[in-house]
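User: I'd like to go through this model with you, pockets and packing included. Can you walk me through it?

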Amino acid sequence: MSIVITGATGELGRLVIADLLAAGVPADGITAVARDSEKAAGLVEQGVRLLVADYDRPDTFDDVFKPEDRVLLVSASDVGRRVPQHAVVIDAARATGVAQVAYTSIFDAPNTNFGLAQDHRETEQLILDAGVPYTFLRNNWYNEAPGVAGDLRGIVERGVIANGVSPDARLASAARADYAAAAAVVLSTEGHLNKAYELSGDAAWTYPEFAAEVSRQSGKTVVHQFLGRDENAALLTSVGIPQPFAEILAEVDEAISHGALAGTPGDLSRLIGRPTTPLADTVTATLR
């Protein structure tokens, strides 16, 4: 068995590789695909094979894959450009006839209509059209995302979480490490081909509940402030987020308000064989 991880130097990719090594997958049976060899130096030191390739240079993927490979396509970060970037990997995987393409998609992708999900739906379709064995890892929101624990110290300093998520809306996030563990499982064990897993936390929370937890742990009062969509987009732009992406994030908040990311089907905890990480635990680790 040979496992190939794209985007291997990113936060998720590194965790997946660590989980694979911990599960007993030999280091020389793991290939890290990265654009920057220097960023991958730590992985190479562990014995992981390195291939330098770039989504924006299709020729660099010509000889990356072998027929026995199980490939994890970690979704790219360039919203609006991801589909052609992903297509480069998928075309190379199809041409080689790899054993599996696992893709980090978004929760409930076929039914999730906000703009940020479109790239994921299109990528899933490209994989289906390629005819390769697939596993769709439809990840919900991350505990560590911006606006959650990713901006926790700023939230504590400001004393407010301002966004466009309605106070009663629920979000079933999980920790990045949980999603990484699930990816490692589907790459290193059998029974996951041609399946889609809806991955989310075991419990869904509201932003007022999150604010109360941050207050409890930090000792400083933090409140949630609900903003209308235009006001929310303006706030995001004011803190340096480019206007088109600010509009996308404001749309996501609106979708969360309508319950798009509230589901807790339990696929994630079943895959990883343990409860998912509570948001409160991520808050604790971040404030530590």
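Analyst: Sure, a definition to start: Ala, Val, Leu, Ile, Met, Phe, Trp, Tyr, Cys and Pro count as nonpolar, Asp, Glu, Lys and Arg as charged, and the others, Gly among them, as polar. This is a predicted model, where local features need pLDDT of at least 70 and side-chain atom pairs pLDDT 80 or more, while totals for chains, interfaces and linings use all residues. Residues are numbered from 1 along each chain as its sequence is written, and side-chain values use heavy atoms, without hydrogens and water.

User: By class, what residues does the lining of the second largest pocket have?

Analyst: Among the 14 lining residues, those closest to the pocket's centre are Ala203, Trp205, Pro278, Leu279 and Ala280. By class, the lining has 3 charged, 4 polar and 7 nonpolar residues.

User: Which helix gives the largest share of that lining of the second largest pocket?

Analyst: Helices here are DSSP runs of H or I, at least four residues, and strands are E runs of at least two, numbered from the N terminus. Helices H7 (207–218) and H11 (279–287) each supply at least two lining residues. The largest share, 3 residues, comes from H7.

User: How many residues of strand S6 are buried?

Analyst: Buried means under 20% relative accessible area, with exposed over 50% and partly exposed in between (1.4 Å probe, protein chains only). On one side Tyr134, Phe136 and Arg138 are buried, and on the other Thr135, Leu137 and Asn139. Strand S6 (residues 134–139) is largely enclosed by the rest of the structure, because its buried count is 6 of the 6.

Methods:
1 Å grid on protein atoms, 1.4 Å probe; cavity = no way out; pocket = protein on both sides within 12 Å on 5 of 7 lines; lining within 4 Å.
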